[in-house]
Amino acid sequence: MTQVNRTNAIAATTTGAPVPGVNLLALRSHNAALVLDLLRTAGAEGISRLELAERTGLTPQAVSKITARLRTEGLAAQAGHRASTGGKPRTLLRLVPETGHAVGVHLDRDEVRAVLVDLMGSVVAERRAPLDLGAGSQAVVEGTAGVVEALLGGGAGPAPEWERDAGGSGEAGVGGVGVLGVGVALPGPLDHVRGVLHRVTGFPEWDGFPLRDALARRLGVPVAVDKDTNAAAFGLALGGEGGSFAYLHLGTGLGAGLVIGGTLHRGTRTGAGEFGHQVVQLDGPPCGCGDRGCVEALCLAAVARGDLDEAARVLGVGAANLVGLLDIDRVLLGGRTIAADPERFVRGVATVLAERARREGADRPVPVRVAPGGARTVAEGAAQLLLAPLFGRAEG
């Protein structure tokens with residue numbers, strides 16, 4: 001299965017308005033992506049060729065050629081018929097999710113989690129293992145590759161008790177699965193275009209390491225690399241989180257993924273989202289980034305001493321700064337520390353935002369809630385780095 005060229009990947013809408021298509025041989029991949037995305041959003045109910053033509057702006061003949069090719073490749077199948085206003089019933093087509101898969105990897109500072117998702121983005125298998133990001137590049141690359149291979153059926157025997165697949169059977173991976181590629185998300189900063197790490201907070205020895213190319217050579221499949229928070233925010237936006245929002249991830253570190261107007265915001269130098277390193281206390285405690293008084297340092301210190309109320313308050317202060325700067329629609333919380341006591345963190349952050357709203361005379365405070373996806377949020381977003389371009393979905 002050929003991955004759609006990202007240069008030609010144009011975001012398709014799902015609002016019912018026509019999505020511009022072009023009948024040019026050079027852009028057939030773009031047109032196929034438009035059709036595939038509409039098949040995906042139609043779900044099991046399916047969609048007719050006539051509706052595909054109306055929604056894309058392509059000619060019926062072009063749609064017929066594209067859908068015929070998709071059926072030949074196993075990407076599309078008949079989903080039944082629908083009565084028409086005149087003539088014979090319309091044949092409905094649907095996406096065949098199990099035809100292709102992508103792997104998403106969340107490479108954290110102390111563990112690696114990998115998920116296998118089908119073309120609908122549904123998780124069909126999951127595997128995780130402890131892994132020290134400070135163990136050196138060779139050990140990390142081998143450890144990550146080993147988890148991915150086990151997920152895909154390369155490992156022998158059942159998974160340990162602390163691993164599980166999406167169905168809860170405890171068996172490791174799915175054998176004989178072909179994948180579009182592997183998306184890897186990990187703490188930044190990094191260059192997602194070249195797949196090269198910078199001075200990852202707490203691990204400056206990673207500076208300049210070409211992780212994408214190293215993993216691609218080891219696994220023999222395409223690899224994409226991005227920050228954990230960006231991957232999570234991207235996946236959430238694709239999953240239906242509209243408008244502008246901030247995804248705040250509190251785990252072994254603290255960062256943010258920003259979606260502005262439905263588009264992932266990276267910044268001119270792709271450095272946006274280093275949320276944890278805003279200084280809120282001059283001459284405060286040292287942070288792993290080399291500065292002092294960062295939100296991350298204060299928040300993690302509160303977590304370490306068991307004061308989650310204080311950690312939530314500090315997180316709220318940082319979130320309030322972000323809301324005041326960007327005027328976003330909502331704040332989403334995620335990460336293992338949030339998952340340990342989600343109600344406390346939502347309440348603490350919401351309290352700070354409500355106080356700010358009252359001071360400013362705002363009609364209502366910016367809402368706060370836990371991001372959907374739980375522990376898989378980052379890994380699922382990482383899988384979308386490979387999966388989304390197939391459907392013409394721009395990364396932003």
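Glu 111 counts as buried, at 16% relative accessibility. That places this residue under the 20% limit for burial. The model is a predicted one, and this report starts from Glu 111 and its charged partners.

## Salt bridges

Side chains of opposite charge can pair when their charged atoms come close. The count for this model comes to 22 salt bridges. Three of them are listed here.

| Pair | Closest N to O distance |
|---|---|
| Glu 111 and Arg 113 | 3.8 Å |
| Arg 128 and Glu 111 | 3.4 Å |
| Arg 369 and Glu 241 | 2.8 Å |

Glu 111 appears in two rows, with Arg 113 and with Arg 128. Arg 128 lies in strand S6 and Glu 111 in strand S5 (residues 111–118), so their bridge ties together parts that are 17 residues apart in sequence. Arg 113 is buried, as is Glu 111. Arg 128 is partly exposed, at 27% relative accessibility.

Arg 369 and Glu 241 pair across distant parts of the chain, 128 residues apart. Arg 369 sits in strand S15 (residues 368–370). Glu 241 belongs to the loop between H6 and strand S11 (245–250). Their cover can be compared with the limits: Arg 369 has 36% relative accessibility and counts as partly exposed, whereas Glu 241 has a relative accessible area of 10% and is buried.

Bridges that share partners also build a network. Its members are Glu 111, Arg 113, Glu 126, Arg 128 and Arg 376.

Strand S6 spans residues 123–130 and also holds Val 124. Val 124 is partly exposed, with 33% relative accessible area. Its C-alpha atom is separated by 9.3 Å from that of His 101, 23 residues apart along the chain.

## Helix H6 and the empty space around it

Rolling a probe the size of a water molecule over the atoms shows where empty space is left. Helix H6 helps to line both the largest pocket and the largest cavity.

The largest pocket has a volume of about 460 Å³. Its lining counts 23 residues, and the closest to its centre are Gly 235, Leu 238, Gly 239, Glu 380 and Gln 384. Helices H6 (228–238) and H11 (377–387) each supply at least two lining residues. H11 gives the largest share, 6 residues. By type, the pocket lining divides into 11 nonpolar, 8 polar and 4 charged residues.

The structure holds 1 cavity of 30 Å³ or more. The volume of the largest cavity is about 180 Å³. Of its 18 lining residues, the closest to the centre are Arg 109, Pro 187, Asp 228, Leu 254 and Gly 255. H6 and strand S12 (254–260) are the elements that give two or more residues to this lining. The cavity lining divides into 2 nonpolar, 10 polar and 6 charged residues.

H6 itself is mostly covered, with 9 of its 11 residues buried. Among these buried residues are Asp 228 and Gly 235. Asp 228 is one of the residues closest to the centre of the cavity, while Gly 235 is one of those closest to the centre of the pocket. After H6 comes Gly 240, whose phi is positive, near 120°.

## A surface patch and helix H8

Which residues form a nonpolar patch on the surface? They are Ile 260, Leu 325 and Leu 326, with about 270 Å² of accessible area together. Leu 325 is found in helix H8 (residues 308–326). Leu 325 counts as exposed because its relative accessibility, 68%, is over the 50% limit.

Asp 327 is found in the loop between H8 and strand S14 (330–334). Its phi is near 55°, a positive value in a residue other than glycine. Asp 327 is exposed, with a relative accessible area of 62%.

## Other backbone features

Asp 283 also has a positive phi without being glycine, near 60°. This residue lies in the loop between strand S13 (263–264) and helix H7 (295–304). Asp 283 is exposed, at 68% relative accessible area.

The peptide bond from Gly 188 to Pro 189 is cis, with omega near 5°. Pro 189 belongs to the loop between strand S7 (179–186) and strand S8 (190–191).

Note on methods. Residues are numbered from 1 along each chain as its sequence is written. This is a predicted model: local features need pLDDT of at least 70, side-chain atom pairs count only at pLDDT 80 or more; totals for chains, interfaces and linings use all residues. Side-chain values use heavy atoms; hydrogens and water are left out. Patches are made of residues with over 30% relative accessible area and no salt bridge: like charges are joined within 9 Å, nonpolar side chains (Val, Leu, Ile, Met, Phe, Trp, Tyr) within 5 Å. Accessible areas come from the Shrake-Rupley method with a 1.4 Å probe; for residues, only the protein chains shown count as cover. A salt bridge is a side-chain nitrogen of Lys or Arg within 4 Å of a carboxyl oxygen of Asp or Glu. Helices (H or I, at least four residues) and strands (E, at least two) are DSSP runs, numbered from the N terminus. Buried means under 20% relative accessible area, exposed over 50%, partly exposed in between (1.4 Å probe, protein chains only). On a 1 Å grid over the protein atoms alone, a cavity is a set of points where a 1.4 Å probe fits but cannot get out, and a pocket is an open set with protein on both sides within 12 Å along at least five of seven lines; lining residues have an atom within 4 Å of a point. Grid points are joined across faces, edges and corners, and a volume is the space filled by probe spheres set on the points. Ala, Val, Leu, Ile, Met, Phe, Trp, Tyr, Cys and Pro count as nonpolar, Asp, Glu, Lys and Arg as charged, and the others, Gly among them, as polar.
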